[in-house]
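Here is a short report on a few charged side chains and a pocket beside them. Have the model open while you read.

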Amino acid sequence: MAPTKKQETEKTGLAKGVNKGTKTTPIISKPRPARRKGAQSKRTSFVRSIVKEVAGLAPYERRVIELLRNGKDKRARKYSKRKLGTFGRAKAKVDELQRVIAESRRAGH
């Protein structure tokens, strides 16, 4: 039976025989650099947090917070979706702003 991909035996360097062929170094497969795309670095997240702290919230974010405080969660999500483009982004933004509201409540008390 011929060796499968998983259990490759080392070549002998001889032209004849069961394991005939030139000795080669195995190819080590590592993830391509493109796989890293979108992964956030510590520095980027730090800079974004500082900018958010200094600049504050965008006008649409303030409106979303207002909607959330009035108990209009669905309307807040729909409004966010209109502003951000996809429903997934909108849900993430609404969750983030709910955390901001909870944080401000903790800080207030």
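## Ground rules

Buried here means under 20% relative accessible area, exposed means over 50%, and partly exposed is in between, using a 1.4 Å probe and protein chains only. This is a predicted model, so local features need pLDDT of at least 70 and side-chain atom pairs count only at pLDDT 80 or more, while totals for chains, interfaces and linings use all residues. Residues are numbered from 1 along each chain as its sequence is written, and side-chain values use heavy atoms, with hydrogens and water left out.

## A charged network

Side chains of opposite charge can pair when their charged atoms come close. Counting a salt bridge as a side-chain nitrogen of Lys or Arg within 4 Å of a carboxyl oxygen of Asp or Glu, you get three of them. K52, E61, K93 and E96 are linked in a network of these bridges.

Start with E61 and K93, whose closest N and O atoms are 2.7 Å apart. This pair links distant parts of the chain, with E61 in helix α2 (residues 59-69) and K93 in helix α4, 32 residues apart. (Helices are DSSP runs of H or I, at least four residues, numbered from the N terminus.) E61 also bridges to K52, at 3.4 Å from N to O. E61 is buried at 3% relative accessibility, while K52 is partly exposed at 34%.

## Around K93

How accessible is K93? K93 counts as buried because its relative accessibility is 14%. Taking contact as heavy atoms within 4.5 Å, K93 touches K52, Y60, E61 and L84, leaving aside residues up to four places away in sequence.

K93 has a bridge inside its own helix too: its side chain meets that of E96 at 3.8 Å, N to O. The two sit three residues apart in helix α4, about one turn of the helix. E96 comes out as partly exposed, at 24% relative accessibility.

## The pocket next door

K52 and E96 turn up again in the lining of the second largest pocket, together with G56, L57, R99, V100 and E103. A pocket is an open set of points on a 1 Å grid over the protein atoms alone, where a 1.4 Å probe fits, with protein on both sides within 12 Å along at least five of seven lines; lining residues have an atom within 4 Å of a point. Its volume is about 160 Å³, meaning the space filled by probe spheres set on the points, which are joined across faces, edges and corners.

Helix α4 (residues 87-108) gives the most to this lining, with four residues. By type, the lining has four charged residues, two nonpolar and one polar.

Notes. Nonpolar A, V, L, I, M, F, W, Y, C, P; charged D, E, K, R; others polar.
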